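Subject: A structure for you to explore

Hi there,

Here is the structure I promised to pass on. Have a look around it first, and then read on for what turned up.

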Amino acid sequence: MILLETIDLSKQFGDLRACDDVNFTVNKGEFLSLVGSNGAGKTSLVNLISGHLKPNSGRILFEGQDVTFATVYERIKAGIARSFQIVNLFDGLSVFDNVALSIFSREGKIARIAALADHDQDVRSETFDVLGRFGLNGKSSVPAGGLAQGERKLLDVAVAYALRPKLLFLDEPTSGVSTREKTQIMDTVSSVVRAGAVTAVVIEHDMDVVFRYSDRIVMMHEGRFLADGTPEEIKANKDVANILLGAPLSA
Ligand SMILES: Nc1ncnc2c1ncn2[C@@H]1O[C@H](COP(=O)(O)OP(=O)(O)O)[C@@H](O)[C@H]1O
Ligand SMILES: [Mg+2]
C-alpha cells in the first residue's frame, strides 16, 4: 500500500535543479534508505515533502491526499515528521522537556506550556514512554546540551518520533558519530520504528549500515533517481557501485 507519492516533483535553485522530476514512492511499513553523494538532492527532497521548501512543479500525495501546498503544521497533523541533518534541540532544556515540548506542540498546547509542563500527567507518562524506547530514561533531567553526540542524535529522533508520525524522515541520524555508536543508534532507531509500525525514510552515507537495516534503497544523483531496489539489487547495480567509488557513470 502506497503511503507517500511524489509526482514529477522539481526544485530549482537558480540554475541548479536540486530535484528533477522526482517520482518517489514510499510504501506503508517499509524502512527505506535514501542514499547518494553530497549535493544529490536528498535533503531538498525531504524538505519538499515536509513542507520546509516549496516545489517549482510537481505534486505530493500523502495517503492519497494532495499535500503539495499544505503547511508544515498541516503535514505534521496528517502524519509526516522529520529530523534534521543538523540536530535541532533546545540545548538549555532537559532531555525530558525536549520530547515533552514536541508532544505539547502536536496537541496544540504550546501556549500553555509554561503552566502545564510539570502537571500534565498524560504528557509526562508519554514522554517517559518515548524516552524509554530510545534508552534515554536515565538522562531525562540532563540538559540536552550535556549529552554525548550519539545521545543527541537519538534525542533528535525521539523528538520527531514523539509527533506520532505515520511517516518519519531521518536526515543522517548517524552523521558525526563513531562506527560503534552508529550501530547502537541504528539498532535502537530501527527497532523503535518497527515496533511502533512507523514507516521510515533514512538518509545515510554508510553503505554497511544501509545494506544491513533497509527493506529498500533509493539512490539519488544530481537531482534524479538513479536506482531503486532491495539491498541485494542495489549491491549488484553497476551505476550505484560507480557512484560509491566516485567513478563516472556507464551510460
Ligand atoms: N537553499 C538552497 N539554496 C541554494 N542551493 C541549495 C539550497 N539547498 C540546497 N541547495 C543545493 O541543492 C543541491 C542539493 O542539495 P541537498 O538537497 O542538500 O543535497 P544532499 O542532501 O543530497 O547532500 C546542492 O547543490 C546544494 O548546494
Ligand atoms: Mg543532506
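Two elements, β2 (16–22) and α1 (42–50), each supply at least two residues of the shell around ligand 1. Of these contributors, α1 gives the most, with three residues. Please keep in mind that this is a predicted model. If you want to find the shell on screen, select F13, L16, A18, G36, N38, G39, A40, G41, K42, T43 and S44. Sorted by class, the shell has six polar residues, four nonpolar ones and one charged one.

Next, have a look at helix α5, which covers residues 121–133. What span should its 13 residues have at 1.5 Å a residue? The expected value is 18 Å, and the end C-alpha atoms are 18 Å apart, so the two agree. Try turning the model until you look down the helix. The buried residues of α5 are V123, T127, V130, L131 and R133. Seen down the axis, these buried residues fall within an arc of 155 degrees, so they line one face of the helix. On the face turned away from that buried side you will find the exposed residues Q121, S125 and D129. The cover over the buried residues of α5 includes α3 (95–106), α6 (149–161) and α7 (179–195). After α5 comes G135, with a positive phi near 70 degrees.

Now for a hairpin. Strands β10 (residues 216–221) and β11 (residues 224–229) pair in the antiparallel sense over five bridges. H221 stands opposite R224 in β11, and two residues lie between the strands of the hairpin. One of the residues in the turn is E222, with a positive phi of about 50 degrees.

Why point that out? Most residues other than glycine have a negative phi. E222 is not a glycine, yet its phi is positive. Is E222 buried or partly exposed? It counts as partly exposed, because 15 C-beta neighbours lie inside 10 Å, and a residue is exposed at 12 or fewer and buried at 20 or more.

A197 is another example: its phi is near 55 degrees, a positive value in a residue other than glycine. You will find A197 in the loop between α7 and β9 (199–203). A197 has 9 other C-beta atoms within 10 Å, so it is exposed.

Happy exploring, and do write back with any questions!

Best wishes

Note on methods: Residues are numbered from 1 along each chain as its sequence is written. Chains are lettered from A and ligands numbered from 1 in the order in which they are written. This is a predicted model: local features need pLDDT of at least 70, side-chain atom pairs count only at pLDDT 80 or more; totals for chains, interfaces and linings use all residues. Helices (H or I, at least four residues) and strands (E, at least two) are DSSP runs, numbered from the N terminus. The expected span of a helix is 1.5 Å times one less than its number of residues. The arc is that of the directions from the helix axis to the C-beta atoms. Two residues are in contact if their C-beta atoms, placed from the backbone, lie within 7 Å. Two strands pair if DSSP finds at least two bridges between them. A residue is near a molecule or strand if its C-beta atom, placed from the backbone, lies within 6 Å of it. Ala, Val, Leu, Ile, Met, Phe, Trp, Tyr, Cys and Pro count as nonpolar, Asp, Glu, Lys and Arg as charged, and the others, Gly among them, as polar.
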